[in-house]
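Trainee: Please take one part of this model and go through it closely. I would like the aromatic residues and what lies around them.

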Amino acid sequence: MPSFDSLRDECPLKKDCDWKYLYETTGKYKGLRVAICQTCKLQALSPRPNQNELYSKDYYQGKAEYSYIDERASKPFFRHVWKARIQNIKRYVASGHFLDIGSSFGGFLEVAKEEGFSIQGVEISEYAASYANENKIPTYNGNLYDANFPAESFDVITLVEVIEHIENPNRFFKELTRILKPGGLLLLQTANFEGWQAKEEGSGYHYYMPGHVFYYSDELLKKILTGHGFGSFVSYFGVDFPLVAKLKKVRGSFQNWKDYRHWFRIGFYHFRSRWKRKGFPLTSSYVLYAFKK
């Protein structure tokens, strides 16, 4: 049985960790072993697949068994969500230097530039980063640490479905804090494991994937970031943009008129994400806006 020593070292909460196995996954990606810290309730894959081998060209083209949705073919539809999110961000930070980590082909940053931000991406895939740079979206190919941005460089940092991929979150949260300006906004989109959707689906929850190595909750992320000097938060249970933007986005995948029935399912999920039971949201979709002191 593998040691939990690395998980103790990587824990971002500086508490006495008490890791134990929770279960093996039973969903799409069966047999992954999930551990949970009895102290803070952070979850993690242990052992985890070799992360460097997961993010190939096939991953970014949507051709691998474990893969990403290649948004380039449906870019006009994705732009509805990107634009709606940027407009919500501008309610808090109207302009400045904008960093997207895990920026892929650069579509989200392209919209941020159109909305008046100066932009920078970080992307581990040479394939995706090269495409972005060729299209004049400045993108560092590599990890955040090697990019070595100056301290307090950015007014906005976004990680959309990225933080769960990060190994050694203790180190990573420190670096995010170092490069964000005082008063700056950190946006994290991930699954909220306090949501009833994650609790009830348990080992079959769809968010357990080979590339998702740590699993958070609203309470946990706020504790972590408070310890790093963040002073205020806005939690969106669901997403941080209107339903109409999401409906316009998914229309890009429709093949015939019957596909419009998906709008009813999406609309129901959207409104259900606002409902709570015993103080916790019914769904686990989640976005956190955190502001550095």
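Mentor: Start with Tyr-215. In this predicted model, Tyr-215 has a relative accessible area of 1%, so the residue is buried. Its ring pairs with that of Tyr-208. The centres are 4.9 Å apart and the planes stand at 75 degrees, an edge-to-face arrangement. Tyr-208 has 3% relative accessibility and therefore counts as buried too, the limit being under 20%.

Tyr-208 has another partner, Phe-193. Here the centres are 5.7 Å apart and the planes make an angle of 55 degrees, so this pair is tilted. Phe-193 is buried, as is Tyr-208. The two are 15 residues apart, and the pair links distant parts of the chain. Phe-193 sits in the loop between strand 8 (180–191) and helix 8 (196–201). Tyr-208 sits in the loop between helix 8 and strand 9 (214–215).

Now widen the view. Phe-193, Tyr-208 and Tyr-215 belong to one aromatic cluster, together with Tyr-23, Tyr-205 and Tyr-207. Across the whole structure, the search finds 27 aromatic pairs.

Phe-193 also leads to open space. The second largest pocket holds about 310 Å³. Its lining has 19 residues, and Phe-193 is one of those nearest the centre, with Ile-36, Lys-41, Gln-43 and Glu-194. Two elements give two or more residues to this lining: helix 8 and helix 9 (218–227). Helix 9 gives the most, with 3 residues. By class, the lining has 9 nonpolar, 4 polar and 6 charged residues.

Compare that open pocket with the enclosed space. The search finds 1 cavity of 30 Å³ or more. About 40 Å³ of space lies in it. Gly-238, Val-239, Lys-246, Tyr-269, His-270, Ser-273, Arg-274 and Ser-285 line this cavity. Of these lining residues, 2 are nonpolar, 4 polar and 2 charged.

Lys-246 falls within the span of helix 10, residues 243–250. The buried residues of that helix are Leu-243, Ala-245 and Leu-247. Their cover includes helix 3 (75–89) and helix 11 (262–272).

Next, the nonpolar packing. In soluble globular proteins, nonpolar side chains tend to be buried together. The largest nonpolar core in this model has 44 residues. Ile-157, Leu-159 and Leu-186 have the most contacts inside it. Take Leu-186 and set aside its neighbours within four places in sequence. Leu-186 then touches Ile-157 and Leu-159, as well as Leu-176, Leu-180, Leu-225, Phe-230, Leu-288, Tyr-289 and Ala-290. Apart from this core lies another, of 21 residues, including Phe-117, Val-156, Val-287 and Tyr-289.

One charged residue rounds off the tour. Glu-115 lies in the loop between helix 4 (107–114) and strand 5 (118–123). At 17% relative accessibility, Glu-115 falls under the 20% limit and therefore counts as buried. Beyond its neighbours within four places in sequence, Glu-115 is in contact with Lys-83, Ile-86, Gln-87 and Lys-90. Lys-83 is 32 residues away in sequence, yet the C-alpha atoms of Glu-115 and Lys-83 are 8.3 Å apart.

Terms used
Residues numbered from 1 in each chain as written. Predicted model: local features only at pLDDT ≥ 70, side-chain atom pairs only at ≥ 80, totals over all residues. Heavy atoms only, no water. 1 Å grid on protein atoms, 1.4 Å probe; cavity = no way out; pocket = protein on both sides within 12 Å on 5 of 7 lines; lining within 4 Å. Points joined across faces, edges and corners; volume = space filled by probe spheres on them. Nonpolar A, V, L, I, M, F, W, Y, C, P; charged D, E, K, R; others polar. Core = buried A, V, L, I, M, F, W, Y, C linked by side-chain atoms within 4.5 Å. Buried < 20%, exposed > 50% of the residue type's maximum accessible area, 1.4 Å probe, protein only. Contact = heavy atoms within 4.5 Å. Helix = DSSP H or I, 4+ residues; strand = E, 2+ residues; numbered from the N terminus. Phe/Tyr/Trp six-rings, centres within 6.5 Å; stacked < 30°, edge-to-face > 60°.
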